[in-house]
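Got the viewer open? Here's a short walk through the model, one selection at a time.

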Amino acid sequence: MNTTAANLLSGNKKAKSQFSKLLRILIVVLVDVALIWFTYQLIRNGFIPLAIVFTIITLFITYVFIRQRAYPLRWMAIGLSAMLLFSIFPILYTVYVAFTNYGDSHLLSKPQAIQQLEKEKYLPEEGKAYKWVAFRSEDESYILWVEDVNGNTYLAKVGEPLQTVVAGENGVGDLDDKGIPISIDGYKRLNPILAATDKNLTQIRFGEDSKAIQVRSPSEAAELLPLYLYDETDDIIINQDTGVTYIPVKGTFTSTRGEALIPGFRGVVGFENFTRFLTSSALKGPLALIVSWNFAFAFLSVFLTFSLGLAISIFYGDPKFPGKKLLRSLLLVPYTIPSLITILIWRGMMNPQIGVLNNILNSLFGISPEWFTNQWLAKIAILIVNLWLGYPYFMLVTSGALQSIPLEIYQAAEVDGASAWQRFWRITLPLLLVSVGPLLIASFIFNFNNFNLIYLFIGGGPPIPGASTRAGYTDILISYVYNLAFEGGRGVNYGFASAISIFIFILIAILSLLQFRLTNMWEEVGENV
Amino acid sequence: MSSYSGFKKLRKSQKFNQTFGIVIKWIIAVFLIVFSVFPLVWIISASFNPASTLATQTLIPRNPGLDNYKFLLGNPVFPYFKWLWNSIKITTISTILTLSLTTMAAYAFSRFRFKGRRAMLKGILLIQVFPNLLSIVALFLILTQFGSIIEQIGLDTHLGLIIVYLGGAMGMNIWLMKGYMDTIPRDIDESARVDGATDWQIFTRLILPLLRPILVVIGLLTFIGTYGDFILARTLLKSNEQYTVMVGLQIYTSGMFSQKWGPFAAGALISALPIMIIYFLLQDQIIGGLTRGAVKG
């Protein structure tokens with residue numbers, strides 16, 4: 001009896017697990033179909049790198065949910081896929097872009113650029129030129145009336161041979177004194193202004209394909225031929241008029257005499273983005289200023305916030321200090337407001353014309369510092385704001401860390417006659433740095449890339465004169481990168497931007513590894529095995 | 001002079017020193033407090049000042065009024081409450097999804113032993129040290145390309161922004177969560193497993209309820225971080241009615257239109273207050289999480 005019940009139970013369980021397995025496979029198939037469809041669409045649009053990523057994700061998800069061995073990974077399949085797509089792939093892509101000329105005049109892919117170039121036309125010697133008038137129908141089809149140099153007039157329709165113009169035939173109405181039809185059935189004559197602004201008109205090839213007529217200028221239409229032809233086997237572009245050949249060099253079709261065709265296309269240019277920073281003085285000068293300020297800013301920010309935070313925790317660390325709790329809460333205020341908001345508040349307060357700070361300074365001391373136009377005052381202002389933003393964090397961290405230093409050490413030092421000063425430098429600081437050191441590095445990394453502060457408070461200004469791209473005295477690398485990529489008044493340059501990003505990547509990687517070494521985080525992985 | 005009276009004198013001067021010290025300390029503290037709360041006080045004052053000027057030095061404005069708050073309600077060019085709603089929506093959804101993803105992943109890292117586990121944990125930690133701001137060009141292009149296939153996840157969509165936020169979900173949080181889970185004895189799982197519970201049941205019914213403290217901390221940190229994000233929202237959202245409140249507040253102060261500091265002050269207060277209240281109520285938990293993990297963004 002008992003055994004049959006157990007059998008029944010296990011059979012039930014088996015059926016259940018069979019069912020759940022089937023359900024799982026069904027879901028995997030559905031997800032795969034969706035992913036494959038999306039990948040296919042990516043390929044069709046020419047987004048190959050992204051298509052590769054999606055192929056990997058599809059394979060990964062399928063493998064993980066089919067193979068029992070990969071069971072633990074099922075718990076993190078979505079998270080890992082998202083990480084691959086939005087964290088790892090962007091980093092790799094940035095590295096790739098750093099070695100290309102991606103940016104203004106190199107925004108297109110090679111086929112797109114060739115297509116663009118092949119739209120350019122020229123008038124061959126034997127080609128005929130005409131005066132023209134355009135007619136347009138309701139559904140945006142066109143007829144061109146043309147007159148050649150000998151005074152012969154024709155009607156040109158798309159894909160048909162030219163017709164001579166006779167009033168009353170082919171829907172042509174009466175002619176005016178120049179021989180131009182006043183109306184054609186279903187078509188309206190365009191006045192010169194309308195015709196000149198009609199963007200479609202220049203793209204249409206009227207008449208037979210072999211000697212099609214195209215509108216060239218408001219006064220002339222002509223039997224134009226494509227100026228550039230692309231030769232796929234040799235990968236060259238030939239100018240049909242002059243016979244000059246252009247070969248692709250680093251993303252631009254270039255002739256042997258060095259003439260370049262515009263637009264260029266995205267292409268790998270090797271280390272050019274990196275070397276140009278070292279060779280071009282218009283780039284090198286500002287970059288050197290930005291790098292040195294970046295390091296100084298990050299170091300000073302950490303130093304100042306840490307010092308003030310530590311000073312407060314030592315100074316007011318005595319638990320018997322009256323009003324300690326209230327004091328701590330009030331000093332914590334900067335920490336609790338989203339930093340974007342406080343940065344903007346400071347920007348308003350420090351406005352030299354309408355800000356409250358200069359108003360107070362003016363009435364107290366009769367001074368009104370130009371916080372935003374003088375580069376040194378701007379740097380000081382940034383450090384003040386960052387001190388305000390950052391000290392509560394170190395106040396919290398150090399007050400916790402101070403409590404963990406055993407009292408006996410201090411007592412022993414006191415017995416030995418160490419002064420308060422000595423106790424601080426010989427005991428407190430060294431012991432504190434052991435526990436707070438990694439956080440100092442983290443804070444350095446954070447401030448090194450403190451885009452929000454620089455961008456929102458001052459926008460990197462005041463501008464550095466003579467810089468060939470947008471750059472300011474208070475710009476740090478990351479805000480400089482952002483300007484290159486998104487706010488270039490003189491054009492965007494993703495290649496440059498990415499090249500600098502790589503420099504930051506490497507720096508962060510080194511600092512982080514140092515931080516991990518200090519925290520023993522690597523070893524923690526093995527814990528609790 | 002006997003040594004005893006010398007000692008007494010010393011005691012006396014020590015006591016005096018102590019009182020004197022406290023007075024000095026409080027004088028310095030007052031300066032610190034002014035430095036710390038001045039911007040907050042000033043923004044409160046400015047928000048009630050109908051003149052919409054920044055220059056007032058008097059703490060209580062001359063004719064205090066709610067004009068700035070009314071401006072937030074009724075201006076179609078600066079739809080403040082629409083932005084606030086966008087922020088709350090985006091932030092809530094990404095926080096919930098982030099929590100789900102991290103908790104499940106942390107469960108696997110804590111409870112299962114598999115090949116590549118250590119390497120993956122290290123890898124996750126290493127990847128997340130690079131701020132996604134650095135690869136923002138790539139993120140921008142990815143969403144552009146997404147959008148040309150499925151419009152709803154492209155540029156200028158909330159869904160697109162949310163999935164970009166999710167890309168950063170696996171990071172420090174997994175370490176915090178896994179560390180916490182490791183402290184839950186595995187005997188609990190084992191006894192449940194003997195009773196025939198599946199992994200999923202153990203996870204949802206046993207482990208998850210025990211995780212409440214760390215879920216609160218990570219949830220709040222994620223919420224505050226996402227809520228305060230500026231640059232991703234600024235770059236990936238394009239149209240006025242899609243913006244988040246942080247992008248919107250920046251618009252109030254940027255020179256594009258004439259700067260509107262009065263409404264900005266009111267808007268800043270409304271959007272900062274919930275976060276401030278959370279911080280002061282849950283100070284200790286949040287600080288515990290922060291000092292173990294990241295620097296505030």
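Start by selecting B:Ser87, which is buried, with a relative accessible area of 2%. This is a predicted model, so keep that in mind at every stop. B:Ser87 belongs to helix H3 of chain B. Show what surrounds B:Ser87: setting aside residues up to four places away in sequence, it touches B:Tyr227, B:Thr244, B:Val245 and B:Met246.

**Zoom out to chain B**

Now color chain B by secondary structure. What do you get? The count is 14 helices and zero strands. Reading from the N terminus, the elements go α-α-α-α-α-α-α-α-α-α-α-α-α-α. Switch to coloring by accessibility, and 52% of the 297 residues of chain B count as buried. If you like contact maps, take the contacts in chain B between residues at least 6 apart in sequence: 67% of them join residues at least 24 apart.

**A helix pair in chain B**

Next, select residues 117-127 and 172-182 of chain B, which are helix H4 and helix H7. Their axes come within 8 Å and cross at roughly 130°. That makes H4(B) and H7(B) oblique to each other, because the oblique class takes in angles between 115 and 145 degrees. Turn on side chains to see who makes the contact: H4(B) brings B:Arg117, B:Leu121, B:Lys122, B:Ile124 and B:Leu125, while H7(B) brings B:Met172, B:Ile174, B:Trp175 and B:Lys178.

**Aromatic rings**

Time to highlight Phe, Tyr and Trp. A search of the whole structure turns up 53 aromatic pairs over all chains. For each one, a pair of rings is described by the distance of the centres and the angle of the planes.

Pick A:Trp75 and B:Tyr107: their ring centres are 4.7 Å apart, the planes make an angle of 50°, and the pair is tilted. Where do the two partners sit? A:Trp75 is in the loop between helix H3 (71-74) and helix H4 (77-98) of chain A, and B:Tyr107 is in helix H3 (residues 80-111) of chain B, so this pair joins two chains. Both A:Trp75 and B:Tyr107 are buried.

For another tilted pair, go to B:Phe71 and B:Phe78, with centres 6.0 Å apart and planes at 40°. B:Phe71 is partly exposed, at a relative accessible area of 22%, whereas B:Phe78, at 5% relative accessibility, counts as buried.

Then go back to A:Trp75 and widen the selection. A:Trp75 and B:Tyr107 belong to one aromatic cluster with A:Tyr71, B:Phe112, B:Trp200 and B:Phe203.

**Charges over rings**

Two lysines deserve a click here. In chain A, the charged end of A:Lys379 sits over the ring of A:Trp376, 4.6 Å from the ring centre. For the other, select B:Lys25 and A:Phe315: the charged end of B:Lys25 sits over the A:Phe315 ring, 5.3 Å from its centre.

**A sheet in chain A**

Back to cartoon view for chain A. Look for four strands forming an open sheet in the order S10-S11-S12-S13, with antiparallel pairing. Which strands lie at the edges? Strand S10 (228-231) and strand S13 (252-255) of chain A do, each pairing on one side only. Look along the sheet for the twist, which averages 35° from one strand to the next.

Zoom in on S10(A) and strand S11 (residues 236-239) of chain A, which run antiparallel and are joined by four bridges. Two facing positions help you get the register: A:Asp231 stands opposite A:Ile236, and A:Tyr230 stands opposite A:Ile237.

**Last stop: the turn**

S10(A) and S11(A) form a hairpin with four residues between them. Which residue in the turn has a positive phi? Select A:Asp235, where phi is about 55°. A:Asp235 lies in the loop between S10 and S11 of chain A and is partly exposed, with a relative accessible area of 23%.

Finally, display the neighbours of A:Asp235. Apart from residues within four places in sequence, A:Asp235 is in contact with A:Lys110, A:Tyr230, A:Pro248 and A:Phe253. To finish, draw a distance line from A:Asp235 to A:Phe253: they are 18 residues apart along the chain, and their C-alpha atoms are separated by 9.8 Å.

Notes: Residues numbered from 1 in each chain as written. Chains lettered and ligands numbered in written order. Predicted model: local features only at pLDDT ≥ 70, side-chain atom pairs only at ≥ 80, totals over all residues. Heavy atoms only, no water. Phe/Tyr/Trp six-rings, centres within 6.5 Å; stacked < 30°, edge-to-face > 60°. Buried < 20%, exposed > 50% of the residue type's maximum accessible area, 1.4 Å probe, protein only. Lys NZ or Arg CZ within 6 Å of the ring centre and 35° of its normal. Contact = heavy atoms within 4.5 Å. Pairing = 2+ DSSP bridges. Axes fitted to C-alpha atoms, helices over the stretch in contact; angles between N-to-C directions. Parallel < 35°, antiparallel > 145°, perpendicular 65-115°, else oblique.
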